[in-house]
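This report describes one protein chain, from its overall dimensions down to individual residues. The sequence and the structure come first.

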Amino acid sequence: MNTSDWLRSFEATSAAALAWAPAETPTLDDLEKVRLRFLGRSGELTELLKNLKHLPLEDRRQFGPRAQSLKARISEFLERRRLDLECAQDLSTERSGVDVTLPAPPSGRGRLHPLTSMVSEMTEALTLMGYTLAEGPQVETDWYNFEALNIPAQHPARDAHDTFYLKDLPLLLRTHTSPVQARTMKSTAPPLKIVCPGRVFRRDAVDASHSAVFYQMEGLVVDRGVTFADLKGTLEVFMQTLLGSATRIRFRPSYFPFTEPSAQVDVNCLLCGGRGCPACKQSGWIEMLGAGVVNPNVFRLVGLDPATWSGFAFGIGVERLAMMKYRIPDIRLFYENDLRFLRQFDEDIV
Ligand code: DAH
C-alpha cells in the first residue's frame, strides 16, 4: 500500500467514524458493533494502523500520530457512552426491580427529648454566669452519696433517700446529684463554680409526681467570702432566666445536712399567676429547689479548711421545673415515649 492509498482510506475511515451518529437510545450492542467496526482485531482503524508500517518513514512520522489520535478519540467516545448506558440501566427498574428515581418518602426529623432540652437550658443559664460543667457516676459509693455530705450511717436524713443498693457490692445508685459536689471539691482546688446535671434514682412508688428515675441539677460555688446573699441573687437570676423576668422567688427555712443554714426555695405559681390553684395548693407558690450555705463539716470531710473557704449549693429537680414550665401534669409522660407527647416539643436537633 502506498501513501496515497493509505491516506484515502484514512480519510474515508475518519469520515465514517465521525459521522457515526448514535441512535437516539443506543443499546450496548449498538456500541459494541461500532467498536468492532473501527477498533476490532480487523476493524477499519486497526487495519490502517497495521498498514502504516508499509509507508515510508517520513510519511509514517507524519500520519501515524493522526491515526493514533483518531483511535483514541473513538475509543474514548465509545467508552463514555457505554458508562452512561450502564448507569441508566442500573437506574431503571428493568435490572434492579426498584425505581431509585422515585422521590423517597419524607423522613421524620428528630427532636430533643423535653428533658434533654430542659437540662441544656438550665446548664446554659448557669454557664452564662461562669459555672463549668461537672459530672459524676450514677453508681456511687456510700461515702460520696452520704458520708461526705454530712449524712453518716444512722442519720435520719437517710430515710428520705429510698436507696437502691447494688447486690453484693458496697455501691448504690446515687439518690441525688450532691455527691458530684464532694467529688469535685476533692479533686479540684477552689475557687469553684460548678453545675452538675444528671440522672438520679430512688425507690419511690411511681405516681403522677414520682418516678424512680429522674433528673436533678446541682450547683456549687466555693470561694472566699461567699454569703447567703450571693445564693439569693444567683437563684433569682437563674429562675428568671428559665421562667421569665416576672418570676419571683421566696426562701423558707429548711434543713439539709450538707448546708447550714438551709432553705427551700419557691417560685410564684405560673399556672395561676400566684392567685392560688390546686397545683400550688392555693398558696400561689411552688416549691422548686433546696439550697443553702455549705456546712463547714462538708468542707472538713473533703479536706478543705472552713476558715478559708465558704460557699453555697443548690439542687433542683429537672422534671418539676419542666412540668411547671410546659404545664405537664404527670411526670410519667417523660418516660413513656408516647410520640403524641414528645412531638409537642418541636425543637429540632441542633
Ligand atoms: N440533694 C438534695 C435532694 O436531693 C437537694 C439539695 C438541697 C441540694 C440543698 C443542695 C442543697 O445542694 O444545698 O433532696
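## Burial classes

A residue is called buried when its relative accessible area is under 20%, exposed when it is over 50%, and partly exposed in between. R332, with a relative accessible area of 33%, is therefore partly exposed. The same cut-offs apply to the residues discussed below, and the model they are taken from is predicted.

## Overall form

The protein chain contains 13 helices and nine strands. Its radius of gyration is 39 Å, whereas a compact globule of 350 residues would have one near 20 Å. The C-alpha trace spans about 115 × 50 × 45 Å along the principal axes of the chain.

Of the 350 residues, 41% are buried. When contacts between residues at least 6 apart in sequence are considered, 66% of them join residues at least 24 apart.

## Surface and charge

The chain exposes about 19400 Å², and 53% of this area is supplied by carbon and sulfur atoms. There are 41 positive and 43 negative charges, and the mean positions of these two sets lie 2 Å apart.

## Salt bridges

The structure holds 16 salt bridges. One of them pairs R183 with E140, with 2.7 Å between the closest N and O atoms. This pair links distant parts of the chain: R183 belongs to helix α8 (residues 179-187) and E140 to strand β2 (residues 139-141), with 43 residues separating them in sequence. E140 is buried, at a relative accessible area of 1%, whereas R183 is partly exposed, at 26%.

A further bridge joins E147 and R158, whose closest N and O atoms are 3.7 Å apart. Both residues lie in the loop between α7 (142-145) and β3 (171-173), eleven residues apart. E147 has a relative accessibility of 27% and counts as partly exposed. R158, with a relative accessible area of 15%, falls under the 20% cut-off and is therefore buried.

The side chains of D330 and R332 also form a salt bridge, with an N to O distance of 2.9 Å. On the acidic side, D330 has a relative accessible area of 19% and is buried; on the basic side, R332 is partly exposed at 33%. Elsewhere, salt bridges with shared partners connect R250, R252, D266 and E287 into one network.

## Cis peptide bonds

Which bond is cis with omega near 5 degrees? The peptide bond from P190 to P191 has this geometry. P191 is located in the loop between α8 and β4 (192-201).

The peptide bond from E260 to P261 is cis as well, with omega near -5 degrees. P261 is placed in strand β7 (residues 259-268).

## Positive phi outside glycine

K281 is a residue other than glycine with a positive phi, near 50 degrees. K281 sits in the loop between β7 and β8 (285-294). Is this residue, K281, buried or exposed? With a relative accessible area of 74%, K281 is over the 50% cut-off and is therefore exposed.

R327 is not a glycine either, yet its phi is positive at about 55 degrees. The position of R327 is in the loop between α11 (318-326) and α12 (333-336).

## A glycine in helix α9

Where is G233 found? G233 is part of helix α9, which covers residues 228-243. Its relative accessible area is 35%, a value between the two cut-offs, so G233 is partly exposed. G233 and M122 are 111 residues apart along the chain, and their C-alpha atoms are separated by 16 Å.

Notes
Residues are numbered from 1 along each chain as its sequence is written. This is a predicted model: local features need pLDDT of at least 70, side-chain atom pairs count only at pLDDT 80 or more; totals for chains, interfaces and linings use all residues. Side-chain values use heavy atoms; hydrogens and water are left out. Helices (H or I, at least four residues) and strands (E, at least two) are DSSP runs, numbered from the N terminus. The radius of gyration is taken over C-alpha atoms; the globule rule is 2.2 Å times the number of residues to the power 0.38. Buried means under 20% relative accessible area, exposed over 50%, partly exposed in between (1.4 Å probe, protein chains only). Contact means heavy atoms within 4.5 Å. Accessible areas come from the Shrake-Rupley method with a 1.4 Å probe; for residues, only the protein chains shown count as cover. Lys and Arg count as positive and Asp and Glu as negative; His and the chain ends are not counted. The place of a charge is taken as NZ of Lys, CZ of Arg, CG of Asp or CD of Glu. A salt bridge is a side-chain nitrogen of Lys or Arg within 4 Å of a carboxyl oxygen of Asp or Glu.
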